[in-house]
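Trainee: I have a new structure open and would like to learn how to read it. Could you walk me through it step by step?

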Amino acid sequence: MYLYLKAVHIIFVVSWMAGLFYVVRLFIYHTEAQDKPEIEKKVLSDQFEIIEKKLFNIITTPAMILTLLAGIAMVCINPNLLKQSWLQVKLGFVLGLMVYHFICQNMMLQMRKGIYKFTSTQLRIWNEVATILLFAIVFLAVLKNALSWVFGVIGLLVFSLIIMSAVKIYKYYRLKNQG
């Protein structure tokens, strides 16, 4: 039963993460659409609002809820898991991912009101925050206590620097090819 629940949990996590990755990508395109001529901007914005709302309400939020329920069920089946330090740290990152989820939901609601607080570059960086959180969650789940926390933190920082550098390099080449 536990292994079946674990497999289902992984499916929900993947769905949740896919929804978060894609919705922020839509935010980027939605924000960039604001620079288009008025008619094009209106058509694109209306369409992005529909897609974002459906993605968030039909896939992303239900996947988050099912992920949390499956995780809670696994802990109920095996309460000793909560005594393991790797799981406590992982749950901290999961909490961070939940905060990320609700911040994205707030961004979506603001865009529906015509409020665009972030540039497309800032949103690209924001999109990588989910990547870093997912990397940390998977890293902890797979390696558990196999590595020292020091090496884990150093690895996460290096991974974060690589991801952020990639965003900056992409922006450089995108602007260079526009000009």
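Trainee: In which order do the elements of the chain run from the N terminus on?

Mentor: Going along this predicted model from the N terminus, you meet α-α-α-α-α. The secondary structure therefore comes to 5 helices and 0 strands. Taken along the principal axes, the C-alpha atoms fill a box of roughly 60 × 35 × 20 Å.

Trainee: Now the packing of helices. At what angle do the axes of α3 and α4 cross?

Mentor: Here the general idea is a cut-off: an angle over 145 degrees counts as roughly antiparallel. The axes of α3, residues 85-112, and α4, residues 120-143, cross at roughly 155° and come within 9 Å. That is why α3 is roughly antiparallel to α4. The crossing in which α3 passes α4 is left-handed.

Trainee: Which residues make the contact of α3 with α4?

Mentor: From α3 they include Trp-86, Phe-93, Leu-97, Tyr-100 and Met-107, and from α4 they include Leu-123, Trp-126, Leu-133 and Ile-137. Sorted by class, the residues of this contact are 19 nonpolar, 2 polar and 1 charged.

Trainee: How do α1 and α4 cross?

Mentor: Helix α1 covers residues 2-33, and its axis crosses that of α4 at roughly 175°, coming within 9 Å. So α1 and α4 are roughly antiparallel to each other. Among the residues in contact are Met-17, Phe-21, Val-24 and Ile-28 of α1, along with Leu-123, Trp-126, Ala-130 and Leu-134 of α4. By class, the contact of α1 with α4 has 10 nonpolar, 4 polar and 3 charged residues. Notice that Trp-126 is part of this contact and also part of the contact of α3 with α4.

Trainee: And at what angle do α2 and α3 pack?

Mentor: The angle between α2 and α3 is about 160°, and their axes are 11 Å apart. This makes α2 roughly antiparallel to α3, and α2 passes α3 in a left-handed crossing. Glu-49, Lys-53, Phe-56 and Met-64 are among the contact residues on α2, with Val-94, Met-98, Phe-102 and Arg-112 among those on α3. The contact of α2 with α3 divides into 11 nonpolar, 4 polar and 4 charged residues.

Trainee: Let's turn to empty space. How much space lies in the largest pocket?

Mentor: The general idea is that rolling a probe the size of a water molecule over the atoms shows where empty space is left. In this structure, the largest pocket holds about 730 Å³. Its lining has 28 residues, and those nearest the centre are His-9, Val-13, Met-74, Lys-90 and Ala-141. Two or more lining residues come from each of α1, α2 (38-77), α3 and α4. The largest share, 8 residues, comes from α1.

Trainee: How does the lining of the largest pocket divide by class?

Mentor: You will find 22 nonpolar, 3 polar and 3 charged residues there.

Trainee: How many cavities of 30 Å³ or more does the structure hold?

Mentor: There are 2 cavities of that kind. The second largest cavity has about 30 Å³ of space. Its lining is made by Met-107, Gln-110, Met-111, Ile-115, Tyr-116, Lys-117 and Phe-118. These lining residues divide into 5 nonpolar, 1 polar and 1 charged. Two of the names may ring a bell: Met-107 and Met-111 line this cavity, and both also take part in the contact of α3 with α4.

Definitions and conventions: Residues are numbered from 1 along each chain as its sequence is written. This is a predicted model: local features need pLDDT of at least 70, side-chain atom pairs count only at pLDDT 80 or more; totals for chains, interfaces and linings use all residues. Side-chain values use heavy atoms; hydrogens and water are left out. Axes are lines fitted to C-alpha atoms, for helices over the stretch in contact, and angles run from 0 to 180 degrees between N-to-C directions. Helices (H or I, at least four residues) and strands (E, at least two) are DSSP runs, numbered from the N terminus. Angles under 35 degrees count as roughly parallel, over 145 as roughly antiparallel, 65 to 115 as roughly perpendicular and the rest as oblique. A crossing is left-handed if the near helix is turned anticlockwise from the far one by less than a right angle, and right-handed if clockwise. Contact means heavy atoms within 4.5 Å. Ala, Val, Leu, Ile, Met, Phe, Trp, Tyr, Cys and Pro count as nonpolar, Asp, Glu, Lys and Arg as charged, and the others, Gly among them, as polar. On a 1 Å grid over the protein atoms alone, a cavity is a set of points where a 1.4 Å probe fits but cannot get out, and a pocket is an open set with protein on both sides within 12 Å along at least five of seven lines; lining residues have an atom within 4 Å of a point. Grid points are joined across faces, edges and corners, and a volume is the space filled by probe spheres set on the points.
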